[in-house]
Amino acid sequence: MLTLKELCGGLPLDPLPELQPRDPNVPHAPIRVQELTHEEEKLAVQNALRYFPARFHELLAQEFAIELRTYGHIYMYRFRPDIDMRAYPITDYPAKCTSAAAIMHMIMNNLDPKVAQFPHELVTYGGNGQVFSNWAQFWLTMHYLSEMSETQTLVMYSGHPMGLFPSLTTSPRLVITNGMMIPNYSSREMYDKLFSLGVTMYGQMTAGSYCYIGPQGIVHGTTLTILNAARKNLKTNDLAGKVFVSAGLGGMSGAQAKAAVICGCVGVVAEVSEDALLKRYNQGWVMELVNDLDNLVALLKNARRRKKPLSIGYHGNIVDVWERLVMEYEATGEVLVDLGSDQTSCHNPFQGGYYPVQISYQEAREMMHQDPVNFKVLVQESLCRQVAAINKLSAGGMYFFDYGNAFLLEASRAGADVGRKDGLHGTTFKYPSYVQDIMGDIFSLGFGPFRWVCTSADPEDLKKTDALALSVIEQLSKNSIPCSVKQQYDDNAKWIKEAGEHNMVVGSQARILYSDQEGRISVALAFNKAVSEGYLKGPVVISRDHHDVSGTDSLYRETSNIYDGSAFCADMSVQNVLGDSFRGATWVALHNGGGVGWGEVMNGGFGLVLDGSEEAKTRAENMLAWDVSNGVIFNDLSLLWYFTNNLMIHIIYMDNRQSLNENINILEPYNKSSLLQKLLD
């Protein structure tokens with residue numbers, strides 16, 4: 001087995017590694033449909049060969065061509081490293097600077113088999129969210145990082161490491177772009193071709209930016225979403241005896257069962273892949289397994305009656321579950337589900353993101369690449385059946401919401417009755433978007449998925465950072481702040497207190513909470529001080545999901561139906577990354593595509609290493625202020641641009657260091673309802 005020093009030595013060429021067949025003991029990405037011409041296939045192979053000296057081209061060309069035709073992409077299985085892939089303590093990495101070692105720690109976590117959905121295909125989550133396009137890129141990136149100094153920057157083009165270039169000590173050590181396209185050509189069909197050619201890559205949100213922390217991040221987000229959906233629509237904080245039904249237990253969707261239990265309700269989550277289902281069960285994130293609909297309904301009714309928190313993983317298709325719940329409703333008049341959603345990878349519905357109910361899982365995996373035209377027909381028929389069942393239960397009182405996975409978008413394209421309306425401000429459906437209708441007010445306050453990783457890999461460091469973060473949050477909650485802000489601080493204090501008890505860590509020693517600008521800066525400074533004083537054994541990396549206050553422009557999710565009609569614009573996410581890059585981020589990433597699909601979203605993210613230095617303190621203060629204010633001010637301006645010049649000037653020139661809570665006090669009189677009334681008047 002390789003050592004980290006050997007892993008960072010560059011591509012293994014003398015001798016070449018032995019050719020490895022696909023390991024049947026791990027889950028693999030679906031075989032991709034690639035419709036390249038003969039000349040394009042030659043180009044794809046040539047693109048793969050550029051990483052290797054000419055003396056290997058004859059051997060590898062034949063091998064890569066077979067891989068391309070067999071799997072739809074050249075992953076370079078021969079070069080999959082023989083190493084225990086995980087996030088090692090930062091001091092174990094043979095790096096010349098702390099920033100580079102921290103980045104290597106994060107990369108290896110994204111590819112950890114316990115974390116990654118399809119680790120051998122370098123897919124972290126979402127069915128096609130890549131860390132790299134092939135294994136040669138991984139080797140070269142690790143080598144460059146091991147050689148990097150604090151006056152160099154590594155540039156990444158869609159998984160391809162361009163090399164190390166001179167830069168300033170204040171510059172990012174890493175700049176990543178994934179899937180950048182000339183806008184007129186950013187189509188799903190073009191992506192399929194260019195990915196097969198090896199010239200672009202779908203980085204999802206945090207796969208290709210090396211910031212994924214396992215499903216814990218989405219557990220927290222789903223917990224908050226369910227709680228706030230219940231507050232808004234069930235008018236209760238108590239979810240005992242309430243039932244939440246959804247689909248998916250994969251990379252991101254695997255969080256749903258755990259989140260339901262944390263909320264205190266009964267969670268029913270369908271999953272067609274036995275591997276994914278058992279992975280969550282063995283992790284303790286799913287409490288009961290069932291593959292029979294009669295047993296499922298009996299378990300659900302019993303837990304509902306007893307008001308007992310329970311997570312049930314159903315091995316089968318979600319359409320069967322929804323249709324069975326309709327049968328129960330029609331037979332008894334009782335709706336057994338209170339909240340419903342979907343977390344299948346509908347951004348990629350025809351290549352493994354959504355499995356049709358008409359055929360088995362294995363039949364679907366074969367049909368999607370052998371007969372893609374008819375497979376698409378089955379997927380769209382299945383989506384229509386699913387929506388028809390959801391419509392009947394919704395009419396009976398169930399609250400269904402779109403969880404940002406392009407479910408309603410793809411259902412509308414399939415012809416399902418989802419009440420799609422297109423207009424100046426974007427697109428609406430009969431069912432609400434979880435961002436706009438449930439979490440939007442929280443994002444508007446500046447609260448979003450702030451998170452950190454203890455690079456010492458020591459669980460004790462994570463416990464200490466939990467305590468530090470909790471202390472900061474509780475202190476901020478005591479300040480004179482609006483009730484809406486206090487509610488968020490209190491929710492997140494409760495989360496931090498209980499996170500350790502729920503065994504959230506999968507992979508790196510990481511934690512997430514939702515925090516605003518003041519909270520993020522305060523927590524970051526507390527961590528940096530703890531590193532400086534030796535209270536923590538190693539540096540802390542702070543980051544966030546790109547899905548945040550200012551990281552994402554997405555007309556079907558984060559910025560859907562924005563009031564000034566700018567839902568189709570992407571200035572905010574691009575400005576977010578540009579601003580973070582010169583205000584102190586250790587690395588930045590800008591992606592085309594995310595949770596709702598290729599060409600549907602632009603998103604940006606960052607990583608910042610807190611190494612205990614004064615420079616890290618300054619970076620955190622400057623960058624985190626912009627990272628939040630950019631989005632808060634943009635969204636406030638979308639509501640208030642038509643107000644008086646004095647108010648506009650005040651908003652635009654607010655000091656970024658000013659407490660966001662003070663800004664909220666200024667803006668609070670101009671709430672949406674009174675603003676709209678003023679406009680009507």
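Is Ser158 buried or exposed? Select Ser158 and look at its surroundings. Ser158 has a relative accessible area of 9%, and buried means under 20%, so Ser158 is buried. Keep in mind throughout that this is a predicted model.

**Stop 1: Ser158 and its loop**

Ser158 sits in the loop between β3 and β4 (160–166). Check its backbone angles as well: phi is positive, about 45°, although Ser158 is not a glycine.

**Stop 2: the strands around β5**

Next, select strand β5, residues 174–178. Show its side chains and follow them along the strand, where they alternate. Leu174, Ile176 and Asn178 point to one face and are buried, while Val175 and Thr177 point to the other and are not.

Now add β3, residues 152–157. β3 and β5 run parallel and are joined by 4 bridges. To find one place where they face each other, select Tyr157, which stands opposite Thr177 in β5.

Then add β18, residues 587–592. The pairing of β5 with β18 is also in the parallel sense, over 5 bridges. Here the residues to pick are Val175 and, opposite it in β18, Val588. Strands in a sheet are held in pairs by backbone hydrogen bonds, and the pairing can be parallel or antiparallel.

**Stop 3: Gly599**

Move on from β18 to the loop that lies between it and β19 (601–610), and select Gly599 there. Gly599 has 37% relative accessibility and so counts as partly exposed. Add Tyr185 to the selection: 414 residues separate Gly599 and Tyr185 along the chain, yet their C-alpha atoms are 8.8 Å apart.

**Stop 4: helix α5**

Select α5, residues 135–147. How many of the 13 residues of α5 are buried? The count is 10, so the helix is largely enclosed by the rest of the structure. Among the buried ones are Trp135, Phe138, Trp139, Leu140 and Met142.

The length of α5 can be checked in the viewer. At 1.5 Å a residue, its 13 residues should span 18 Å. The end C-alpha atoms are 19 Å apart, which agrees.

**Stop 5: the six-stranded sheet**

Select β8, β9, β7, β6, β10 and β11, in that order. These 6 strands form an open sheet with parallel pairing. The edges are β8 (288–290) and β11 (399–400), each of which pairs on one side only.

For a closer look, keep β6 (residues 243–247) and β7 (residues 266–271), which run parallel and are joined by 5 bridges. Phe244 is a useful marker, with Gly267 of β7 opposite.

**Stop 6: a lysine and a proline in loops**

Lys235 is in the loop between α7 (216–234) and β6. Its phi is positive, near 60°, in a residue other than glycine. With 67% relative accessibility, Lys235 counts as exposed.

Now select Asp14 and Pro15, and look at the peptide bond that joins them: it is cis, with omega about 0°. Pro15 belongs to the loop between α1 (4–7) and α2.

**Stop 7: the cavities**

How many cavities of 30 Å³ or more does a search of the whole structure find? There are 3.

Begin with the largest, which holds about 80 Å³ of space. To centre the view, select Ala48, Ile74, Asn134, Leu197 and Gly198, which lie nearest its centre among the 13 lining residues. Helices α2 (38–49) and α6 (188–197) are the elements that give two or more residues to this lining. The largest share, 3 residues, comes from α2. By type, the lining of the largest cavity has 6 nonpolar, 6 polar and 1 charged residues.

The second largest cavity has about 70 Å³ of space. Its lining includes Ala29, Pro30, Ile31, Arg32 and Tyr75. This lining divides into 5 nonpolar, 5 polar and 1 charged residues.

**Stop 8: the annotated domains**

Finally, colour two spans taken from the UniProt record, an unreviewed entry. UniProt places "domain: Urocanase N-terminal" at residues 85–211. That span is 28% helix and 18% strand, with its end C-alpha atoms 16 Å apart. The UniProt annotation "domain: Urocanase C-terminal" covers residues 441–633. Here the chain is 46% helix and 19% strand, and the end C-alpha atoms lie 14 Å apart.

Key. Residues are numbered from 1 along each chain as its sequence is written. Side-chain values use heavy atoms; hydrogens and water are left out. UniProt positions are given in the numbering used here, feature names are shortened, and annotations may be inferred rather than shown by experiment. On a 1 Å grid over the protein atoms alone, a cavity is a set of points where a 1.4 Å probe fits but cannot get out, and a pocket is an open set with protein on both sides within 12 Å along at least five of seven lines; lining residues have an atom within 4 Å of a point. Grid points are joined across faces, edges and corners, and a volume is the space filled by probe spheres set on the points. Ala, Val, Leu, Ile, Met, Phe, Trp, Tyr, Cys and Pro count as nonpolar, Asp, Glu, Lys and Arg as charged, and the others, Gly among them, as polar. Two strands pair if DSSP finds at least two bridges between them. The expected span of a helix is 1.5 Å times one less than its number of residues. Buried means under 20% relative accessible area, exposed over 50%, partly exposed in between (1.4 Å probe, protein chains only).
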